[in-house]
Amino acid sequence: MKEVRHMRANNDYDTAFLGCSHKMQNGDYIKGFFDLYHGDKADIGGFLSGFLKIAEDGQAIYEFLQNAADCGSSLFYMFYNDDYFLAVNNGKVFNQAGIQSLLNVTQSTKSNPDQIGRFGIGFKLVHRLVGKGDGMEELTHGYKGPILFSWSKKEDLIDLMNHESIESVDNIDDKSSLPYLFKILITNFPTEPFEKVKDLNYEDRVLFSKTDYTEMCNNVKSNLEQYLDADDFNQGSLFFIKLGEGKKALLDKDYQENLKSGVEYSLNTLKGLENVKINGIQIKKSPLVLENGVISKDSDTFREIGPEYKDGDIHYSIGYNKIDFDEDNPFTKVEELKKSPTFYKYFPLGDEIHQSALFIHCDSISNEANRRKMHEDSINKRLIPEIAKFIIERLESYKEENDTEKFCQLYANLLLSDMPHDNSDWLKEVYYDIIQNYIINCIPTINGFSANASDVKIRHIDTNIPLSIVNDNLQWFKWNDNKNVNELISSAEKRLHISDYDIVDLIIDADIERLNKWICTIKNSVYTSFLNELNSTKRALSTNTKFKEKIKKVKLFKFYNGFFYSYNELVQYSSNAKYDYNDFTIYTTNRIEGIRTVLSSLTFILSEVNIDSFAKIKECFDIPRDERIFYKIADKIKDSSLSNTEKRCLIQHLTTFENIGDEKIKDLCMCRNESGEIMPLRKLVGRSYKIPTWLSKYQIHEEDYFAELDKFLMPEKAIYREIIHEHWDEIIQTENVKDFYSDVKRLYEIDASNNQTLKNKKYIYTEDGRFETSDNLIYNDKMLDESLNYKGLNNIITTIFEESLPNKSVASILKNEPFGLENTNLCDWQACSSEGVTLEDIKSIIEFCSLNNETFFKAFVIKYEEGSYHIKKRRNDYYQVYTSNQALLSFIKYNFSNLMIPLPRKLSDNKGSEGIISEANLHSEIIRQIDDVDEYKESLIDFIGYDARRAFINELSQICIDLDEDTSTESYSFKIMDMVCKVIDNDYDIISFRKKSIPKVQKMAEQCK
């Protein structure tokens, strides 16, 4: 090392002195090695702290890696614990120029950008590891520092590990195979083992002690011995450092956060360095797809950039992860790279983390001394755009070569890269914006590329449906919106301003004719996929006005006639905004599913798919309700020829229809009665109960019946109300009438409280075999008396009153409900006919009236003429009279034949009946009815009797007595005088008589005068 220290020495320097200068006792100053390299620095600590503080401890590790790469090493091993640090490579041995560069902070042997280390200041950073913090205290007071051993023969390394004795050799040159071994003090002073040098106080010290040597040898052996046989250690270099307080923890932290990943990516560009181990753990290269570019030193571009080193070309590389888009998590490696620095100068520029999926390495980046950050200078502002252009050129070349795979790999990584952070606006302008402008104008699609982002859609559709349905210019983005590429899709939406496009969007935007044509021509598997996808969308459909309007025009569902129909074709709207199916098509639903074949038999055309299986789509349609479908079925079924099996199936399913209860099903006209008429079920008599034969024509036809119909058919309790009462005139029977009435009565009584009676109908079967209403019939239960001639009564009632009697056999039944035949009084009826009847008939009716406590003769008059008896209604001026006096009878017939009807002789037994005027009453009636008694006095005197005589006498205007006439008992005078003598018994009458009496003699005498 003495040769190294003396290479610039002169008489004013003591090269064995570490420091800058020292004042001797004689007052002279002696300059030291530090001054030789750095000039006069009164404060060595202050000078060193300037570069020791510019980086963190982990950055020092890269310096060892840098050295390994620069010297062509194939391996780099690093070991550390709480006490020691060891870095080993198998590259070329240090030469004198390399050692001088290592020691000199301002000088470097690396004039070409192909070499990694350009600044002597870089290696100074490793000295931080010797102490706490920046290590200044340990460097300047503890004289700690790294020990370098560089060998060209494996035996030398083994000797070191075995603590072989060593000797210092002078005057060695680069041709020598001898190893180098020295300790570096205060960053640039080399000292040999056991060499006595002047410390900073200009005192003699051995600063590379036996202890230092022993510790190093032991550490090297414990760490490397296991690798000696397997690895190539025929040459190489190592650095040994006694770690300062807390350095292990800092190295551990940096290893986990930055070092490991930084080295993994750096290995892509570190020439032949492939085998890297840290504490025995292999650090493997994180393989990237690399694209390398060169800017020739002779080019105008090179001159415009003006890099620091002008002797070599500018080399750069871009790297990115190859993405397997089919993996579950295809972007794991991408995300790891994004968390790492974006820019590398062989090693990562630690602060340049821009969330980029690209690794960008360039040997000519202008960076700060701490190797963590790029300069915002003219070099970088001209260099970085060239790298961006190179990226674009690579993309364009892939396009020209039709290498879509490579294009998409690089494009996807660019798309996944974020914008540089806020403190790098200049970088955004010179790199990000250039890339952004390209990727937004060259978007990869399924069928090629598009320069118009508005024409590119992110496919969120699984069904194989062409975008040309919407627009011929539209294209699908290269990547679908599958869950495994969500990050890529998210970046595309953000950076390319393209939107996710699902099946709902497509339908809204679709050309309806193209869409319908596509649907009508696709395979069943595609059609099913299309429906399922639409129905399973997470988007709201029923509240999307545009979608609802459009979907109603889409021929969405295929029907069994082979055609597709849109909702608007199937459902018709009326002026009041109500909707209904057209006449022939019906959507299949869960309720319809089980009756498909039945409805087909009814000539309906049903959709092949069950719309209830697509509930979300169904919500967009105002599907006619079950009730409307029911009425359509009801209308069709009238003229159908369904089998009983089909009818049974239909009935069973109709009961499941919403708002369709039993009552509506009862109105279905789907079965015949025994007369062959198709009737509503409710109008058909069932077969689960017995009925009289006269109801059989109303019974459901035997061939149409099945037990499931029972609850819809007419129940037994409704037969009276629905048939008997409603169709009485049709069902009345003239045979076995009594049984007929019994059946009617029984059926009525089943639900009597809700049934109406027959009182207003012709419910009474008469003696003459007709049915009449009670208004046209005379009846009283007294007529059934055994003493009466019922036939005679019927004859006279029929003849005289032109009415009928109930048939005697059923009359008693008719007293009960629903008939309720009420008794009538014969006398309340008007005799209508002038026809005559027999004496027996007359006697029967008179006897009935007697039994019924009716006064026949107060209501009627019997007249006998022409051999028969005639009954007339009695009036005040027409009434029955009786007398046995023939003279009186003659007088009545002669004078009162239209007023007084003599009781026929053969009915004289009734002469005392109320209503017949006879005896004294008759005499008085005659006097009352005669206007001029004087006119009839000669006749009346012969038969008037009783109290009527007094009236007769009083009614006479005068009583003329012929005294000259013989007083024969037959003479009027005698008769009148005799009557007067018998009747007049009071003074009043006597006086009256005297006034009326005119003797005839006196009258003659007066004439003589």
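Start by selecting Asp-612: in this predicted model the residue is partly exposed, with a relative accessible area of 23%. Now add Lys-618 to the selection and look at the two side chains, which meet in a salt bridge with an N to O distance of 2.4 Å. Lys-618 is partly exposed as well, its relative accessible area being 25%.

**More salt bridges**

How many salt bridges does a search of the whole structure find? The count is 50, so you'll want to be choosy; here are a few stops.

Select Lys-242 and Glu-215 next. Their side chains form a salt bridge, 3.0 Å from N to O. Lys-242 belongs to strand 10 (residues 236-242) and Glu-215 to helix 9 (residues 210-224), so this pair ties together parts that are 27 residues apart in sequence. Is each partner buried or partly exposed? Lys-242 counts as partly exposed, at 30% relative accessibility, while Glu-215 is buried, with a relative accessible area of 18%. The cut-off explains the label for Glu-215, because buried means under 20% relative accessible area.

Then jump to Asp-433 and Lys-428. This is another salt bridge between side chains, again listed at 3.0 Å, N to O. Asp-433 is partly exposed, with a relative accessible area of 31%, and Lys-428 counts as partly exposed too, at 24% relative accessibility.

**A network, and a hairpin**

For something with more members, select Lys-647, Arg-672, Glu-703 and Asp-704, which are linked in a network of salt bridges.

Keep Arg-672 on screen and colour strand 29, which covers residues 669-672. Strand 29 pairs with strand 30 (residues 678-680) in the antiparallel sense, over three bridges. To see the register, pick Cys-671: it stands opposite Met-679 in strand 30. Which residue in this hairpin takes a positive phi? Go to Gly-676, where phi is near 90°; the hairpin has five residues between its strands.

**A parallel sheet**

Move along to residues 879-882, which make up strand 35. Strand 35 sits in an open sheet of three strands with the order 36-35-37 and parallel pairing. Where are the edges? They are strand 36 (900-902) and strand 37 (917-918), each of which pairs on one side only. Two bridges join strand 35 to strand 37, running parallel. Label Val-881 and you'll find it opposite Ile-917 in strand 37.

**Backbone oddities**

Time to switch on the backbone atoms. Most residues other than glycine have a negative phi, and most peptide bonds are trans. The next three stops go the other way.

First up is His-163, which isn't a glycine but has a positive phi of about 65°. Look for His-163 in the loop between helix 8 (154-161) and strand 6 (180-185). His-163 counts as partly exposed, at 29% relative accessibility.

Next, select Asn-659. Here too phi is positive, near 65°, in a residue other than glycine. Asn-659 is found in the loop between helix 26 (644-654) and helix 27 (662-665).

Then there's a peptide bond to check: the one from Glu-817 to Pro-818 is cis, with omega near 15°. Where is Pro-818? You'll find Pro-818 in the loop between helix 31 (790-800) and helix 32 (839-851).

**Two surface patches**

Finish with the surface turned on. Go back to the loop between helix 8 and strand 6, and this time select Ile-166. Together with Phe-194 and Val-206, Ile-166 makes a nonpolar surface patch of about 220 Å². Ile-166 counts as partly exposed, at 33% relative accessibility.

The other patch carries charge. Select Asp-324, Asp-326, Glu-327 and Asp-328, which form a negative surface patch. Zoom in on Asp-326, which has its place in the loop between strand 14 (314-320) and helix 12 (332-339). Is Asp-326 buried or exposed? Asp-326 counts as exposed, at 72% relative accessibility.

Conventions:
Residues are numbered from 1 along each chain as its sequence is written. This is a predicted model: local features need pLDDT of at least 70, side-chain atom pairs count only at pLDDT 80 or more; totals for chains, interfaces and linings use all residues. Side-chain values use heavy atoms; hydrogens and water are left out. Patches are made of residues with over 30% relative accessible area and no salt bridge: like charges are joined within 9 Å, nonpolar side chains (Val, Leu, Ile, Met, Phe, Trp, Tyr) within 5 Å. Accessible areas come from the Shrake-Rupley method with a 1.4 Å probe; for residues, only the protein chains shown count as cover. A salt bridge is a side-chain nitrogen of Lys or Arg within 4 Å of a carboxyl oxygen of Asp or Glu. Lys and Arg count as positive and Asp and Glu as negative; His and the chain ends are not counted. The place of a charge is taken as NZ of Lys, CZ of Arg, CG of Asp or CD of Glu. Helices (H or I, at least four residues) and strands (E, at least two) are DSSP runs, numbered from the N terminus. Buried means under 20% relative accessible area, exposed over 50%, partly exposed in between (1.4 Å probe, protein chains only). Two strands pair if DSSP finds at least two bridges between them.
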